[in-house]
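Work through the following exercises with the sequence and the model side by side. Each task is followed by a solution that goes step by step.

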Amino acid sequence: MSKRIGILTGGGDVPGLNSVIKTVVYRSVEFGWSVTGLRRGWESLTNLDCSDPASLQHYVVPLNKENTAAIDRTGGTWLHTTRTNPRKMKQLSADGTVSTVDVTPRVLENVAKLELDYLIAIGGDDTLSYAAHLDRMGVKVVAVPKTMDNDVRNTEYCIGFSTAITRAMDAIERQRTTIASHERTGVFRIFGRDAGFSALYTAYVTSLRCCIPEYKVGLEKLLAVLAREKRDNPGNYAMVILSEGAKWEGYRVQEYGEPDAYGHRKKMSVAEALSEEIRKSGGGETIASDLTYDLRGGTPDSLDRMVASTFAGMAIDLLAEGRHGVMTAIQQGCYTAAEIPAPELGPRQVDVDTMYNKNRFRPLYTGKLGVPVFLTHL
């Protein structure tokens with residue numbers, strides 16, 4: 001039977017999203033299904049007025065082979081994205097006070113008016129938490145995990161992770177020449193508010209030290225290790241990678257700005273904070289570099305294209321089988337369908353005991369025989 005599939009991307013953009021969109025369209029055509037693109041994430045279903053042609057044009061776009069043929073060659077998301085949380089939409093009352101309201105009834109109404117049989121939601125923890133809620137409310141949803149932090153539970157891999165590591169590796173190797181030329185200590189800040197996978201795997205492929213949110217380091221020991229590395233290096237320089245949520249004894253993560261729809265505030269640069277500690281300890285000049293948003297841009301690498309296309313094909317296979325309320329995933333190195341993680345569990349985190357050397361501030365490189373590439377506890 002003909003089906004109408006809705007698809008949206010929510011949260012931060014990552015390379016590989018357009019590969020999911022394109023593959024969903026192409027696979028759907030094989031089944032004779034139509035695909036409706038919902039623009040700007042969950043905002044599309046909360047703000048859409050189906051009786052207004054301008055609103056429909058703003059939020060809804062029919063997808064076909066012609067208008068998606070080349071989108072996988074670029075990064076970002078062709079459908080655009082927001083961090084809208086339909087369960088906590090801001091509402092201004094007559095007396096000027098701001099409150100939050102759950103607009104799920106409006107979302108359900110718009111899904112019905114658009115005659116969507118299924119919905120494919122691509123996103124990280126926040127987007128997927130609402131996808132699970134919507135499935136419980138009767139909308140048949142299949143989720144696809146994406147995030148550069150690689151911290152969605154129930155899967156070992158999320159779209160965008162490999163490209164982010166590749167971008168970070170390239171940026172660090174380019175900056176190595178400047179850091180070495182001036183005999184400084186390079187301090188790199190990378191994404192990872194609650195989980196250290198991005199910092200850990202970037203350190204893995206660049207042979208650098210790293211600090212991650214899961215382990216509070218001793219500042220004096222870290223400074224001593226970096227000073228010794230700089231002294232012993234013939235080039236007289238050292239480098240270290242910090243997750244944005246990294247911390248050490250005596251340091252409290254600094255935040256600024258208004259919380260987003262899911263309660264997250266931006267974090268001050270931990271790289272600048274550590275650079276100041278290095279300077280005060282007599283460690284000489286530093287270069288603090290922020291490797292965050294630059295990692296989102298550009299085309300996806302080969303691994304992200306492959307996983308994105310495979311996840312998309314899996315999503316259509318699941319819908320063809322009548323399954324919903326599940327997420328495409330990789331577990332034990334194999335593609336599978338998994339439960340959409342419950343938001344109260346929080347993000348997946350690095351298993352410090354099996355993946356991180358707490359004495360050397362490095363990834364653990366040993367004991368990998370028989371272990372999947374991205375294995376940690378799910």
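**Exercise 1.** Which residue in E13 is the bridge partner of Gly-186?

Solution. Before starting, note that this is a predicted model, in which local features need pLDDT of at least 70 and side-chain atom pairs count only at pLDDT 80 or more, whereas totals for chains, interfaces and linings use all residues. Residues are numbered from 1 along each chain as its sequence is written, and side-chain values use heavy atoms, with hydrogens and water left out. Begin with strand E8 (residues 185-190), which runs parallel to E13 and is joined to it by 6 bridges; strands here are DSSP runs of at least two E residues, and helices are runs of at least four H or I residues, both numbered from the N terminus. Within E13, the partner of Gly-186 is Ile-287.

**Exercise 2.** Place E8 and E13 in their sheet, and find the helices that pack on it.

Solution. The order E9-E10-E8-E13 describes an open sheet of 4 strands with parallel pairing, where two strands pair if DSSP finds at least two bridges between them. Its edges are strand E9 (209-211) and strand E13 (286-291), each of which pairs on one side only. Helix H8 (residues 197-206) lies across E8, E9 and strand E10 (238-243), at about 155° to E10, the angle being taken on a scale from 0 to 180 degrees between N-to-C directions of axes fitted to C-alpha atoms. Helix H9 (residues 219-232) also touches E8, E9 and E10, and its direction makes about 145° with that of E10; contact means heavy atoms within 4.5 Å.

**Exercise 3.** Describe helix H11, from its N-terminal cap to its place in the core.

Solution. At the N-terminal end, Asp-301 caps H11 through a side-chain oxygen that lies 3.3 Å from the backbone nitrogen of Leu-303. H11 has 19 residues and reaches 27 Å from its first C-alpha to its last, close to the 27 Å expected at 1.5 Å a residue. Just after H11 comes Gly-322, with a positive phi near 80°. The buried residues of H11 include Val-307, Phe-311 and Leu-318, buried meaning under 20% relative accessible area with a 1.4 Å probe, protein chains only. The largest nonpolar core has 81 residues, such a core being a set of buried Ala, Val, Leu, Ile, Met, Phe, Trp, Tyr and Cys residues joined through side-chain atoms within 4.5 Å. Its largest share, 9 residues, comes from H11 (residues 302-320).

Notes. Buried means under 20% relative accessible area, exposed over 50%, partly exposed in between (1.4 Å probe, protein chains only). The expected span of a helix is 1.5 Å times one less than its number of residues. A polar contact is a pair of N or O atoms within 3.5 Å; within protein, one must be able to donate a hydrogen and the other to accept it, and residues adjacent in sequence count only if both atoms are side-chain atoms.
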